[in-house]
Amino acid sequence: MRSFVPLFLVGILFPAIPAKQFTKCELSQLLKDIDGYGGIALPEFICTMFHTSGYDTQAIVESNGSTEYGLFQISNKLWCKSSQVPQSRNICDISCDKFLDDDITDDIMCAKKILDIKGIDYWLAHKALCTEKLEQWLCEKL
């Protein structure tokens with residue numbers, strides 16, 4: 001019972017961040033403006049995001065001493081600021097927590113910086129899983 005009380009208080013004091021589990025078509029609509037950005041077609045982006053985060057804005061993955069946040073799994077080592085890695089370069093000039101809400105505008109802006117600097121292969125899923133047979137990632141509703 002004791003451990004329940006602190007968790008309950010945390011839930012009251014810090015309301016949940018609005019999150020979104022996108023569908024392929026919803027995400028395709030939101031990302032249509034970056035179709036062709038960096039030479040990457042929209043189906044490649046959609047495939048990569050599926051294998052990176054499952055289209056979940058609250059996806060958090062810890063790996064090799066860093067944490068990756070949100071839909072694009074943006075790392076706190078280089079791209080955003082977190083208390084876990086205070087020496088982060090914070091290239092996108094943003095708190096990592098901003099990548100966990102349902103507004104992906106800032107996520108897209110940072111993803112573009114990543115593409116400009118590192119390219120699409122920053123996301124390991126792309127090369128391994130998203131370079132061929134991309135028609136399955138198209139959305140008919142666009």
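UniProt lists residues 92–110 under "domain: Glycosyl hydrolases family 22 (GH22)", in an unreviewed entry. The structure looked at here is a predicted model. Over residues 92–110 the chain is 32% helix and 0% strand, and the C-alpha atoms at the two ends of this stretch sit 5 Å apart. The two end residues turn up again as a bonded pair, since Cys92 and Cys110 form a disulfide.

Disulfides are a good place to start. A disulfide is a covalent bond between the sulfur atoms of two cysteines. A search of the whole structure turns up four of them. With the bonded cysteines counted along the chain, the pattern reads 1-8, 2-7, 3-5, 4-6.

Take the pair at the ends of the annotated stretch. The sulfur atoms of Cys92 and Cys110 are 2.0 Å apart. The torsion about their S-S bond is about 80°, so this disulfide is right-handed. Cys92 lies in the loop between S3 and H4, while Cys110 is in helix H4, so the bond ties together parts that are 18 residues apart in sequence. Both Cys92 and Cys110 are buried.

Cys80 and Cys96 make another disulfide, again with sulfur atoms 2.0 Å apart. Its torsion about the S-S bond is about 100°, so the link of Cys80 and Cys96 is right-handed. Cys80 and Cys96 are each in the loop between strand S3 (74–75) and helix H4 (105–117), 16 residues apart. As for accessibility, both Cys80 and Cys96 are buried.

Then there is the disulfide of Cys47 and Cys130, whose sulfur atoms are 2.0 Å apart. Here the value about the S-S bond is -75°, and the link is left-handed. Cys47 belongs to helix H3 (residues 42–53) and Cys130 to the segment after helix H5 (124–129), so the bond joins parts that are 83 residues apart in sequence. Cys47 counts as buried because its relative accessibility is 0%. Cys130 has a relative accessible area of 0% and is buried too.

Aromatic rings make contacts of another kind. A pair of aromatic rings is described by the distance of the centres and the angle of the planes. The whole structure holds five aromatic pairs. One of them is formed by Phe50 and Trp137, with 5.3 Å from centre to centre and 45° between the planes, which makes it tilted. This pair links distant parts of the chain: Phe50 is in helix H3, and Trp137 is in the segment after H5, 87 residues apart. How do the two rings' residues compare with the 20% cut-off for buried? Trp137 has a relative accessible area of 10%, so it is buried, whereas Phe50, at 37%, is partly exposed. Elsewhere, ring pairs link Phe72, Trp79, Tyr122 and Trp123 into a cluster.

Finally, the strands. Strands of a sheet pair through backbone hydrogen bonds, either parallel or antiparallel. In this model, three strands form an open sheet in the order S1-S2-S3, and the pairing is antiparallel. Strand S1 (60–63) and S3 stand at the edges with a single partner strand each, so one side of each has no neighbour in the sheet. S1 is joined to strand S2 (residues 66–69) by four bridges, with the two running antiparallel. For a concrete example, the bridge partner of Val61 in S2 is Glu68.

Conventions. Residues are numbered from 1 along each chain as its sequence is written. This is a predicted model: local features need pLDDT of at least 70, side-chain atom pairs count only at pLDDT 80 or more; totals for chains, interfaces and linings use all residues. Side-chain values use heavy atoms; hydrogens and water are left out. UniProt positions are given in the numbering used here, feature names are shortened, and annotations may be inferred rather than shown by experiment. A disulfide is a pair of cysteine sulfur atoms within 2.5 Å. Buried means under 20% relative accessible area, exposed over 50%, partly exposed in between (1.4 Å probe, protein chains only). Rings of Phe, Tyr and Trp (its six-membered ring) pair if their centres lie within 6.5 Å; planes under 30 degrees apart count as stacked, over 60 as edge-to-face and the rest as tilted. Two strands pair if DSSP finds at least two bridges between them.
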